[in-house]
Amino acid sequence: MPATPGTPRPSGAAPDTPDAAAASPEAARTGAPAPSPATPDTPRPSAVAPSSRIAVIGGGPGGLYAAALLKRLDPGREVTVWERNAPSDTFGFGVVLSDETLGGIRDADPAVYEALRRELVRWDDIDVVHRGHRTTSTGHGFAALGRRRLLELLHARCAELGVRLRFRTEAPPADELAATHDLVVAADGVHSRTREAHAAHFRPRITAHHCRYIWLAADFPFDAFRFEIAETEHGVMQLHAYPYSTGSSTVIVEMREEVWRAAGFHELDEAESTARCAKIFAEALGGRELRAHNSAWTAFRTVVNERWSYGNTVLIGDAAHTAHFSIGSGTKLAVEDALALATAVGEHPDLTEALTAYESGRRPVVESTQRAAAASLRWFEELADHVDRPPRRFAFDLLTRSRRVTHANLRLRDPAFTEAVEADFGCPPGTPPMFTPFRLRGLTLRNRIVVSPMDLYVAEDGVPGDFHLVHLGARALGGAGLVMTEMVCVSPEGRITPGCSGLWTDEQADAWSRITAFAHAQAPGTAIGVQLGHSGRKGSTRRMWEGIDQPLPEGNWPLVAASPLPYRPGVNQTPRALDRAGLAAVREEFAAAARRAARCDFDLLELHCAHGYLLSGFLSPLTNHRTDAYGGSLDARLRFPLEVFDAVREVWPDDRPMTVRVSATDWADGGTTAEDAVTIARAFAAHGADAIDVSTGQVVPDETPAYGRSYQTPYADRIRAATGVPVVAVGAISSWDDVNSLLLAGRADLCALARPHLYDPHWTLHAAAEQGYEGPAAPWPAPYRAGSRRPPTGRRD
């Protein structure tokens, strides 16, 4: 929850003399000057040894705590903090600290922990107020205190330990300090001058986001962490508020840039903005006023650095990384950085080893936090897509937005709230959300789990063999509601590799019929679907384990595509752009394959329009450079994929559903955007698609995906919210808890998993057993029932 903002500090020049605290009570009274600098060519020591000199740039919580810890661990060190502002200057109002962070502080410095403990206010509830409904969830456990009070406690601890605090004093440049000190800790914030001075080495990436926010305060304590949504004539605005003392609360007002401008906030001064926010959220505030303190509307910036250290200079806190305030990460991350740095310096006498250990230990934690913060930030940026959800579902969606709080986690924290959300969803008593049925046209799936298409590359002349029978049969027995084939190619030229399966001959159809017959007979209730596709410019390559996307050493076949653009110039062959006759021929190949698929008794057909294959190549502006009726605008780029869809839908039985897999973003500049994906999904739905299977990327080789847990699901969420079309979510969904969370939040209707089903063909059945579910949505095959309970293991105590 909210902690420290990335608000820029005032840039006014500060006096050259120190202020207030110094290395000892005597120094605090006299304001003893800093040590004189050494000559620029003074060699930099390779270790932070006893009596070494440490410079800290920036007197925020991270810098102060790092100074205190480094001094406490070795009183012989000379530690100096430079802070260009006065001791009482601060930005933001309250700071939220997790129990985990407080535990680390307790272990590292009990004196600081005890001082904090006496100041903390604690509460358990989160209130979500939306369209007149107030939904409360409990059991969350927050602790907060005023940011100014936190700084006062750290000032006192630093003075007690003998740290020199030089207020109202601009720090010398980091390279000058590095020449005269053994270690330089740059805690100089989101606008770090140290980072910018050595940008060529730290290699920062700074991303500005779409919302504006302002930090304010209310002179009364909220009794819960409060999220309130205001749907105004200008757009959606949101309030984040929480108590930080017995008489005060932090209040953050946030909205998208275009809403902020439409409401006229860009023309208001601080006092006018504060009064306007108080009026908009008057009900939450009980008619009380809001208070500002150097408060300015700010666009959040995510800071990522490729490296955190340079020589004997190291970045911590917002200088090294930022994470959106909506998950309370700013001060928490800075304090934990300080803990980790002090520990690394204490454990490694060699400074290079210490800084390497600091970064290698902290980076995975920080990156995980940044991924969660990015999900939370994006949720609030796209809040307008969520507001139509019913009150409890909306609250559940908000609470689980970062993916750190999940369905199972909420069941532990607040079972009553979670059970109410489950009831709204339609879960019978004792039934997890993933085991509720879902209907697509004439097909009812007994549960929400899909075995995602996985290319096997083991077919002979397109004919699926025993490996396909065992692979798909095992997963059908494993309990999933729907098992999908790999991409089944509609022609020999449409294969990706020589090992790809097809449906261009009756022999292939007979082999597929054997597989569907097994699934229907031995796993009754499991649906089996076929995915039809054409490789386009990504064809005529080796099997995945022989060199993914690499051309065959011999026996290559000619390729066709929307435009004559090779997948990798100089590596893959240049395809021929399809002319009118070629387009007609491909349409008929898809229709012929669909006829065979119907005779094979597949329950569902999916048209593959993703991942840079032929139909996807028409949709993306990066791969479609045509100047005829099939290129140019998005409507024109949609023309051929829709023609193919119509041809397939015409021959596919009316009672059987059709889905379409799309790449909702190309993860590349100039490619398909999330807004385009909504238009694409809406177009296919208008032509009769029953659901959209939402994947991303794999369209161009120079993509830069933002990988992470469930990283593609926000695109499914957006399409579902914007179109009302059912969606299949895919992409690093690895646990049944993730599935339940996505379904209950309304982000997906079905969840497709690939690698988990490679690891465990009976993933769905095991998910049922682990949740204690024994109902009809996950029946064990009779020969397997003895294995429906986890085998006993030896004692581990």
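Q: Why does serine 540 count as buried?
A: Buried means under 20% relative accessible area, with exposed over 50% and partly exposed in between (1.4 Å probe, protein chains only). Serine 540 has 1% relative accessibility, so it counts as buried.

Q: What kind of model is this, and how are its residues numbered?
A: It is a predicted model, in which local features need pLDDT of at least 70 and side-chain atom pairs count only at pLDDT 80 or more, while totals for chains, interfaces and linings use all residues. Residues are numbered from 1 along each chain as its sequence is written, and side-chain values use heavy atoms, leaving out hydrogens and water.

Q: What makes the phi of serine 540 worth a remark?
A: Most residues other than glycine have a negative phi. Serine 540 is not a glycine, yet its phi is positive, about 60°. Serine 540 sits in the loop between strand 21 and helix 19 (544-547). Helices (H or I, at least four residues) and strands (E, at least two) are DSSP runs, numbered from the N terminus.

Q: What is the phi of aspartate 549, and is the residue buried or exposed?
A: Aspartate 549 is also not a glycine, and its phi is positive, near 65°. The residue belongs to the loop between helix 19 and strand 22 (560-561). With a relative accessible area of 16%, aspartate 549 is buried.

Q: How do you know how many disulfides the structure has?
A: A disulfide is a pair of cysteine sulfur atoms within 2.5 Å. A search of the whole structure finds zero.

Q: Why does cysteine 277 have no bond to cysteine 211?
A: The sulfur in cysteine 211 is the closest cysteine sulfur to that of cysteine 277, but it is 13 Å away, so it is too far for a bond. Cysteine 277 is buried, because its relative accessibility is 1%.

Q: Why does cysteine 609 have no bond to cysteine 489?
A: For cysteine 609 the closest cysteine sulfur is in cysteine 489, and at 14 Å it is too far for a bond. Cysteine 609 also has 1% relative accessibility and therefore counts as buried.

Q: What makes strand 24 mostly covered?
A: Strand 24 (residues 604-609) has six residues, and six of them are buried. In a regular strand the side chains alternate between the two faces of the sheet. In strand 24, Leu604, Glu606 and His608 point one way and Leu605, Leu607 and Cys609 the other, and all are buried.

Q: How do you know which strands pair with strand 24?
A: Two strands pair if DSSP finds at least two bridges between them. Strand 21 (residues 527-533) has four bridges to strand 24, in the parallel sense, with glycine 529 opposite leucine 604. Strand 25 (residues 658-663) is joined to strand 24 by five bridges and also runs parallel to it; here cysteine 609 is opposite valine 662.

Q: What joins strand 12 to strand 13?
A: A hairpin with two residues does so. Strand 12 and strand 13 (residues 248-256) pair in the antiparallel sense over eight bridges, and serine 245 faces serine 248.

Q: How many bridges pair strand 11 with strand 12?
A: Strand 11 (residues 225-232) pairs with strand 12 over seven bridges, antiparallel. Strand 12 (residues 235-245) is mostly covered, with ten of its eleven residues buried.

Q: How do you know that the span of helix 5 agrees with its number of residues?
A: The expected span is 1.5 Å times one less than the number of residues. Helix 5 (residues 147-161) has 15 residues and should span 21 Å; its end C-alpha atoms are 21 Å apart, so the span agrees. Just after helix 5, glycine 162 has a positive phi of about 100°.

Q: What covers the buried residues of helix 5?
A: Among the elements in contact (heavy atoms within 4.5 Å) are helix 2 (61-73), helix 4 (110-119) and helix 12 (330-347). The buried residues include Leu150, Leu151, Leu153 and Leu154.

Q: Why does the radius of gyration of the chain agree with a compact globule?
A: The radius is taken over C-alpha atoms, and the globule rule is 2.2 Å times the number of residues to the power 0.38. For 797 residues this gives a value near 28 Å, and the chain has 30 Å, so the two agree.

Q: What is the pLDDT of residues 1-45?
A: pLDDT is the predictor's confidence in each residue, from 0 to 100. Over residues 1-45 it stays under 50, whereas the chain averages 91. Where pLDDT is low, the predicted coordinates should not be read in detail.
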